[in-house]
Amino acid sequence: MARWLPRSTDLTRFCQKLNRVKTLEDNMMETSFNRCLSTVDLTLLGIGGMVGSGLYVLTGTVAKEMAGPAVIVSFIIAGFASLLAALCYAEFGARVPKTGSAYMFTYVSVGEIWAFLIGWNVLLEYMIGGAAVARAWSGYLDSIFNHKIKNFTETHVGTWHVPFLAHYPDFLAAAILLVATAFISFGAKVSSWLNHVFSAISMGVILFILIMGFILAQPKNWSAQEGGFAPYGLSGIMAGTATCFYAFVGFDVIAASSEEARNPQTAVPRAIAFSLGLATGAYILVSVVLTLMVPWHTLDPESALADAFYRRGYAWAGFLVAAGSICAMNTVLLSNLFSLPRIVYAMAEDGLFFRVFSRVHPRTQVPVIGIVVFGLLMALLALVFDLEALVQFLSIGTLLAYTFVAASIIVLRFQQQKADVPAPAAAGRPSPEPHEGPSAGELKEYESFSDKLQLVDRDKSKEHREPGQLKATFEPYLEFLSDFYPGEVVTVAVVTLMVSAVCLCSVLVFGSTHLHLPTWSYSLLLVLFSLGFLLSLLLIWAHEQQHGTQTFQIPLVPLSPALSILLNIYLMLKLSYMTWLRFAIWLLLGLLVYFGYGVWHSKENLREPREQRLSARYVVFPSGSLEERVQPVQPSAQPASLPDTDTATA
């Protein structure tokens, strides 16, 4: 029986296989895609992904049912919370200008299986999101024509009364997705041009709404007679914030497009900042004019803006609002169809998903097979499925991706940079020979079977410390941490921080409701888990991090990513248990795909047998010079004999 059990070494090797990270190319600007997108193109893609139907529907819903005129504050808080996640995406998009967004960022810093699960969830998120927007687009257009399309379909095609299926097949939603798929297939430039057209119309309509809205504004609608500015209090504002947060989830299309940007190191951070700022401003200003035009408690959540103009005697303005809403939904459709095939391409290119999706058309320079296949799947979802029950699924996938990207930022920032490891000479500059000693006041790192080789007789106060090593200031107090590998303590602290955040948010969300904890235990658990979170944060901060990189870096690391992690986990735990159940089923399907295909076809798996082919010996001389002898490891059954140690003069 025992011989059938796996050995501990095999289990260790398999676990290492699951957590291996992606090896990046020396020149990350090389790509089979067409680098044709400018900062303006990326900014408009981001705006198109964020300013969709939510501007015309979400503002009225939150104002009427949750926050009143204080929906403005809800959008401000939600915009700031989204900024924390957006800055993490901006740093990664500039440092790793490859398509794949959250999947790629997790793969290069955390590990393979986590990256696959993030990519797997993002796939479903984009498919459901695109199909849901297509159905909303269809319903909005149908309402303009007094639901004639719906009535015709129900009369001549029939209706369904099956769980998880729509009441009737929505041919119009499927058709718009197929048309959008065809345009996306023509290449990034065509997609960008089409997005420019719809974004320009949408922004023109928003400008009209703001001008007319401020002209028709009545400050008395914020007075105490109408319920005041914050009729639902702070709890209403925070409930509105949780809903408004999802209005900003479209900025990751910019990170997904970084492999097609001309200058991603500067274009990606700028585009994310510009698009998020403009989108936040649009949501705040539209909320201001909407609640000033008519009393907030009389708003129609289904069509708040059009109804507000109609009640003020400008019924013709409703047609402009409808046109703006349809154009805004078109940009969201393009954003989903643009991002989804590129994430599939990144997974397939790494060998974690079926390799057929990694083919790029030589003329259009886009993954046509992925665009067509997933465009058809999205159209099928919109045609036959009831998406209202699945829309909440979008939230958990997005928040999980934000959480892992924030954690990846911390891990990557405290890792040694690739430039720190001896590499081939670049730009015609000869690399120093291995026997040359390091210059004064500088340590040169050499890789071998032991990464802990240190040169003695150095003044530790002047020693150059690499990222991931304990700061010299804290070494007298935390000396026992100096024996770990650089970045090892930080990785453990990040895991502890995330566990503490989950426990803390669980107590906040379920402590007084589902768990019915007494006050003393509720307070005690809050204090304990808060201390665990803060101590993990301080332990990370006590280590050196990367400085002086040429690309954008998010400020206040590790505080900013840690706050993003805490907020995302809190919002995830606020979702319904049915959402978590569907999420668990989808994760199980993803694990079947990964263990059945991805783990064996991964490029990193094919690269492994060729990795450790050199062994190194180091000799430290009294003068402090370092000599290295490298010889290939021969795959022989006989034990290799140690070479004679060379003699040299100091």
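In this predicted model, arginine 95 is buried, because its relative accessible area of 16% falls under the 20% that serves as the limit for that class. Arginine 95 belongs to helix 4, and, once neighbours within four places in sequence are left aside, its contacts are with Met28, Leu412, Gln546 and Thr551. Of these partners, methionine 28 stands 67 residues away from arginine 95 in sequence, while the C-alpha atoms of the two residues are 9.2 Å apart in space.

Helix 4 itself, which spans residues 71-95, packs against helix 3, residues 54-67, at an angle of about 115 degrees and with 9 Å between the two axes. Helix 3 is therefore roughly perpendicular to helix 4, since angles from 65 to 115 degrees are placed in that class. On the side of helix 3 the contact is made by Thr59, Val62, Ala63 and Ala67, and on the side of helix 4 by Val71, Ser74 and Phe75. Sorted by character, the residues of this contact comprise 5 nonpolar and 2 polar ones, with no charged residue among them.

A second buried residue can be followed in a loop. Serine 258 sits between helix 11 (252-256) and helix 12 (264-293), and it counts as buried because its relative accessibility is 0%. A polar atom of the serine 258 side chain lies 3.0 Å from the backbone oxygen of alanine 255. Beyond residues up to four places away in sequence, serine 258 touches Arg35, Gly93, Val96, Pro97, Lys98 and Thr99, as well as Pro264 and Val268.

How values were computed. Residues numbered from 1 in each chain as written. Predicted model: local features only at pLDDT ≥ 70, side-chain atom pairs only at ≥ 80, totals over all residues. Heavy atoms only, no water. Axes fitted to C-alpha atoms, helices over the stretch in contact; angles between N-to-C directions. Helix = DSSP H or I, 4+ residues; strand = E, 2+ residues; numbered from the N terminus. Parallel < 35°, antiparallel > 145°, perpendicular 65-115°, else oblique. Contact = heavy atoms within 4.5 Å. Nonpolar A, V, L, I, M, F, W, Y, C, P; charged D, E, K, R; others polar. Buried < 20%, exposed > 50% of the residue type's maximum accessible area, 1.4 Å probe, protein only. Polar contact = N/O pair within 3.5 Å; in protein donor to acceptor, adjacent residues only side chain to side chain.
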